[in-house]
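Open the model in your viewer and keep the selection panel at hand. The stops below say what to select and what is found there.

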Amino acid sequence: MRTRLGVAVAALFALAWSLIVWSPPAQAAVGLRVGDGKIYEANGAEFIMRGTSHPHAWYPNQTGSFADIKSLGANTVRVVLSGGRWTPNSPSDVANVIRLCKENRLICVLENHDTTGYGEQSGAYPLDQAVDYWISLKSVLTGEENYIVINIGNEPYGNNNPSAWTAATINAIQRMRDAGFQHLLMVDAPNWGQDWAFVMRDNAATVFDSDPLKNTVFSIHMYGVFDTANEITSYLQAFQSARLPLVIGEFGHLHSDGDPDEDTIMAEAEARGIGYIGWSWSGNGGGVEYLDQVENFDPARLTPWGQRLFNGPNGIKATAKEATVYGGTASPPPSSPPASPPVSPPVSPPVSPSPSPSGSKGCTASYRIVNEWNGGFQGEVTVTAGDSAISGWTVSWTFPDGQAVTQAWNATITSNGPSVTAKNMSYNGDLGPGAGTTFGFLGSWQGQNRVPPEVICTAS
């Protein structure tokens, strides 16, 4: 974020149950990696980030915060580091941070904050200098690929010359790989992380393809630029349609540049299976103290923002799944839980997808049961365009056992007895050749819950 924590305020400024198996590419990275737009652990379990940022660079003695953040349900912590713009975090200090993350069963996103606002903010470092810092830490980062993500540089461009982001980011990724890093890399957007000029969105495929390990995830920061549901859903859908991995690397409930729609941000992240990391745990200064999630680093004193992030609908406590590397259960695919989500385990294993018939016009659809419990289940349908772009889609099926849809997301669903029709929303109807999107629903069942024998997709 543009306005940041204050240490020396004059110097600081406006900052599932089913296990999904994925076959990595031939030149696979080790540890955490991406595939088909999602993040996976080394064993193939999908991992969806749910966490907060901790300002370690400015408050290095607040090491108890790692346990406190975990106690509120997080599975991820994003840790602010500096290579010299502020007091540098040494290799031994970073090794201790990693130890604290592992001790508290957190996936650790390490980020270099020195790059914040480069080109607009005085004193900001270029991405090249951030890479130099990571190389200086290589001895303590190597071997930790299961546990850490390297966020190369926070908000690496301000609003001056954001188009330079693409070449600079490609160069940074290449240097990291040339130095031998196999870790999952995270890259922040320009425009102070908010990408309002769409430089990251429009060049993400080129940047991703430049990584020889294809192991880079993109990070969008959502503040005042994302103050409407349409802005949020359109941006997220662009990455999902392109099957490119994205996380919401920062967001808040208020900001000086506008009031972000945090409810939609969290609901859409949950429905789409996208990670999110709130800003920030505690210690904000420079006029953005309202972004503190707890008062004075005390987990017992949650602020309104902290209550919303950790305990609210689609919040961390309700949606976070601990990484399986720590013994957690694999995260389910994207879901939008009911007001009182079921807590009992599935009574039967997930059912295989039901493919569309070959005669579908311009698109295909596959149906699967994501999770099932006594009397209820969660379904997901993937729509994929054919050889030509489409501007809309309709999916239909007939339930074989009297099931009924009770709630849906990312599609408008109507039912006539057992017959169900789902139509695209305004933001996910346009699909390029071979591109796909998903929608989900909750349903009820009695007796049996077989998949429909036919799922038909018609394009417009």
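A residue counts as buried when its relative accessible area is under 20%. Keep that cut-off in mind at the first stop, and note that the model is predicted.

**Stop 1: helix α9**

Select residues 304–311, which form helix α9. Which residues of α9 are buried? They are Trp305, Gly306, Arg308, Leu309 and Phe310. Now add the elements that these buried residues pack against: the strands β3 (50–54), β9 (246–251) and β10 (275–278), and the helices α1 (65–71), α8 (262–272) and α10 (316–319).

**Stop 2: α8 and α7**

Keep α8 selected and add helix α7, residues 229–241. The axes of α7 and α8 are 10 Å apart, at an angle of about 25 degrees. Angles under 35 degrees count as roughly parallel, and α7 and α8 are therefore described as roughly parallel to each other. The crossing of α7 with α8 is right-handed. To see the contact, show the side chains of Ala229, Ile232, Thr233, Leu236, Gln237 and Gln240 in α7, then those of Thr264, Ile265, Glu268 and Arg272 in α8. By class, the residues of this contact are four nonpolar, four polar and two charged.

**Stop 3: α7 and α6**

Hide α8 and bring in α6, residues 199–210. The axes of α6 and α7 come within 10 Å and cross at roughly 5 degrees, so this pair too is roughly parallel. On the α6 side, select Met200, Arg201 and Ala204; on the α7 side, select Tyr235, Ala238 and Phe239, which they meet. The contact of α6 with α7 has five nonpolar residues, one charged and no polar.

**Stop 4: α6 and α5**

Leave α6 in view and select α5, residues 165–178. How do the axes of α5 and α6 cross? They come within 10 Å and cross at roughly 25 degrees, which makes α5 roughly parallel to α6. The crossing is right-handed. From α5, the contact takes in Trp165, Thr166, Thr169, Ile170, Ile173 and Gln174; from α6 come Val199, Met200, Asn203, Thr206, Val207 and Ser210. Six of the residues in the contact of α5 with α6 are nonpolar and six are polar, with no charged residue among them.

**Stop 5: Arg177**

Staying in α5, select Arg177. Is Arg177 buried or exposed? Its relative accessibility is 9%, so Arg177 counts as buried. Beyond its neighbours within four places in sequence, Arg177 contacts Gln182, His183, Leu185, Asp211, Pro212, Leu213, Asn215 and Thr216.

**Stop 6: two nonpolar cores**

Next, select Leu110, Trp134, Leu141, Ile152, Phe218 and Ile248. These have the most contacts inside the largest nonpolar core, which has 90 residues. Centre the view on Leu110: residues up to four places away in sequence aside, it touches Val79, Leu81, Val94, Val97, Ile98, Trp134, Leu141, Ile148, Val149, Ile150 and Asn151. Another core, of 25 residues, lies apart from the largest one; Ala365, Trp393, Val420 and Val451 are among its members.

**Stop 7: Pro453**

Finish at Pro453, in the loop between β17 (436–444) and β18 (455–459). At 70% relative accessibility, Pro453 counts as exposed. Select Thr398 as well: Pro453 and Thr398 are 55 residues apart in sequence, and their C-alpha atoms are 7.9 Å apart in space.

Conventions: Residues are numbered from 1 along each chain as its sequence is written. This is a predicted model: local features need pLDDT of at least 70, side-chain atom pairs count only at pLDDT 80 or more; totals for chains, interfaces and linings use all residues. Side-chain values use heavy atoms; hydrogens and water are left out. Axes are lines fitted to C-alpha atoms, for helices over the stretch in contact, and angles run from 0 to 180 degrees between N-to-C directions. Helices (H or I, at least four residues) and strands (E, at least two) are DSSP runs, numbered from the N terminus. Angles under 35 degrees count as roughly parallel, over 145 as roughly antiparallel, 65 to 115 as roughly perpendicular and the rest as oblique. A crossing is left-handed if the near helix is turned anticlockwise from the far one by less than a right angle, and right-handed if clockwise. Contact means heavy atoms within 4.5 Å. Ala, Val, Leu, Ile, Met, Phe, Trp, Tyr, Cys and Pro count as nonpolar, Asp, Glu, Lys and Arg as charged, and the others, Gly among them, as polar. Buried means under 20% relative accessible area, exposed over 50%, partly exposed in between (1.4 Å probe, protein chains only). A nonpolar core is a set of buried Ala, Val, Leu, Ile, Met, Phe, Trp, Tyr and Cys residues joined through side-chain atoms within 4.5 Å.
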